[in-house]
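Trainee: I would like to work through this protein with you, one point at a time.
Mentor: Put the questions, and we will reason from the structure.

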Amino acid sequence: MKYASVPFNQNQTGWSLNDEDYQQQPQLVGDIHADWAVIGSGFAGVGFARRLASLNPDLKIVLIDSQTAADSSSARNSGFIIGLPHNIGSSTAELKKAQDYRTLLQEGIRQLEESVAAHRIDCEWENAGKYHCQIDPSSAAILKEYIDNLDTMQEPYQLLDSEALYQKLGTRLYSKGIYTPGCILVNPAKLIAGLARHLPDNITVYHHTPALAIDYASGSARITTLQGTLHARNLMLATNALSRELSPVTGRQASMATYASITEPLTAEQRGRLPEMTSWGLTPVNAIAGATLRYTQDHRFLVRQHVDPALKGWVGAGQTWNAAQQHLAIFRKAYPQLADVPLARTWSGTISVTRNGAPVWGQLAPQVWTAGGCNGAGVSKQTIAGSLLADYALKQDNPLIAAMQSLGQANYMPPSPFLDIGIAGALWKERYLGRKEI
Ligand SMILES: Cc1cc2nc3c(=O)[nH]c(=O)nc-3n(C[C@H](O)[C@H](O)[C@H](O)COP(=O)(O)OP(=O)(O)OC[C@H]3O[C@@H](n4cnc5c(N)ncnc54)[C@H](O)[C@@H]3O)c2cc1C
């Protein structure tokens, strides 16, 4: 039997939680039977379980996580809930795919907003839009391609020069950028923890219950955990690219680590060194080399940057330290006027990357389902991917299933060591191409 490499980040997220989010559910102990087991309580697992439970309230659903929702990458991200795809391509088929993708992302946002309102989840939800910026003029072609894509999709945007960006963002780092409305900014830890706390009654949640191995031999899934066994007629693997040993089929996605840091809240005097600013979010033209930045409602700066391979989902303190040094250098370069503002915390999380950018979505084996392959953006995407998978598994008629399938399926990935070499090469190339964007 193959045992899963249970994910672990040797650091803690800097996002604050609501008091109730610290309450933990018990670990699974003994023999438990369920109609459905869901492994992973990130946006995909929670979105799937919620929809499945509401479609059939008689189902007994068990959701387990090796830690808690508040420790997942869904809680560790930068909190951009995006509604627009980035790349379109030039053909009509690619435009149709991008339109389908936009429809899916916007439905993901709608579902999240509905749950946030229904359960009054305090997660600093704001419709702030976002900036998408280049540092070096040599990146103009990448920004232009994005602008062309927005034009093709008839999406509104505002073009901003360096001075206009300074007035909005308080930094002179960027030579050009665009602002698009419709992106939601949140505290992601409060969002996913709040969603996981407010699940329908026919879902039982177990925390600190890693799935160590799964036996598919008997036609149902027998999931071995630390203190017990979960038997389920059906299984949803909501682990993104983590614990790939649990999958009954060969992997089509790889887990990568990326990192974020957050400062202490700025004092009134420190804020006086910046133009008058409300909270905002910025993504870089090169997502691998460049830095995502945020200025939060409580006057802190967030920097997200650097990507490392993390096939086993483990991230060590040394890697976190290395990212912290890079984040500090970026923050100092962007805000020389805030040289006395330290980073309060640096943390990591994992994303899933597929070779062709398509998701890993649908049925893997007779009773096994998955919604993975987030490819770096997963708040809206994994929410709708999880929720739609429940419709698909229960054979509900939902036109969005066709939109989801139009995104295609991730390509086969070679095993290690070829995979490791391929990833190292791809990262090296992106870092080289984006070297002027940090
Ligand atoms: C620093 C950072 C910044 C990011 N910024 C953004 C952003 O601004 N906007 C955006 O849309 N996306 C962002 N992302 C990506 C986003 O966080 C992911 O796409 C999203 O979390 C994927 O959700 P998921 O539910 O598929 O997987 P995850 O959130 O990774 O959840 C998987 C869950 O499975 C559990 N699990 C794994 N193995 C086992 C096992 N063996 N047994 C039991 N449980 C297991 C894990 O503990 C985890 O809770 C960012 C990611 C990072 C790391």
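The questions below go from the domains to the ligand, then to a helix, strands and a loop.

Mentor: This is a predicted model, in which local features need pLDDT of at least 70, side-chain atom pairs count only at pLDDT 80 or more, and totals for chains, interfaces and linings use all residues. Residues are numbered from 1 along each chain as its sequence is written.

Trainee: How far apart do the C-alpha centres of domain 1 and domain 2 lie?
Mentor: Domain bounds come from an automatic or database domain assignment. That assignment gives domain 1 as 9-76 + 190-252 + 356-415 and domain 2 as 126-185 + 255-354 + 429-437. The distance between their C-alpha centres is 29 Å.

Trainee: How many residues does the contact take from domain 1, and how many from domain 2?
Mentor: Two residues are in contact if their C-beta atoms, placed from the backbone, lie within 7 Å. On that rule the contact draws 24 residues from domain 1 and 19 residues from domain 2.

Trainee: Where does the ligand lie with respect to domain 1 and domain 2?
Mentor: A residue is near a molecule or strand if its C-beta atom, placed from the backbone, lies within 6 Å of it. Of the 44 residues around the ligand, Gly40, Gly42, Ser72, Gly349 and Gly378 come nearest. Domain 1 and domain 2 both give residues to this shell, so the ligand lies between them.

Trainee: How do the residues of the shell around the ligand divide into nonpolar, polar and charged?
Mentor: Ala, Val, Leu, Ile, Met, Phe, Trp, Tyr, Cys and Pro count as nonpolar, Asp, Glu, Lys and Arg as charged, and the others, Gly among them, as polar. The shell then divides into 20 nonpolar, 21 polar and three charged.

Trainee: Is α9 largely enclosed by the rest of the structure, or left open?
Mentor: Helices (H or I, at least four residues) and strands (E, at least two) are DSSP runs, numbered from the N terminus. α9 (379-393) is one of the elements that each supply at least two residues of the shell around the ligand. A residue is buried if 20 or more other C-beta atoms lie within 10 Å of its own, exposed if 12 or fewer, and partly exposed in between, with C-beta atoms placed from the backbone. Since 12 of the 15 residues of α9 are buried, the helix is largely enclosed.

Trainee: Which residue in β13 is the bridge partner of Trp36?
Mentor: Two strands pair if DSSP finds at least two bridges between them. Strand β2 (residues 29-39) and β13 pair in the parallel sense over 10 bridges. Within β13, the partner of Trp36 is Asn234.

Trainee: Which residue of β21 is the bridge partner of Leu237?
Mentor: β13 and β21 run parallel and are joined by three bridges. In β21, Leu237 has as its partner Thr370.

Trainee: Is Gln367 buried, exposed or partly exposed?
Mentor: Gln367 lies in the loop between β20 (360-365) and β21 (368-372). Not counting residues up to four places away in sequence, Gln367 touches Ser220, Ala221, Arg233, Asn234 and Leu235. With 19 other C-beta atoms within 10 Å, Gln367 is partly exposed.

Trainee: How far apart in space are Thr250 and Tyr412, C-alpha to C-alpha?
Mentor: Thr250 lies in the loop between β13 (227-237) and β14, and is exposed, with 10 other C-beta atoms within 10 Å. Thr250 and Tyr412 are 162 residues apart in sequence, but their C-alpha atoms are separated by 7.7 Å.
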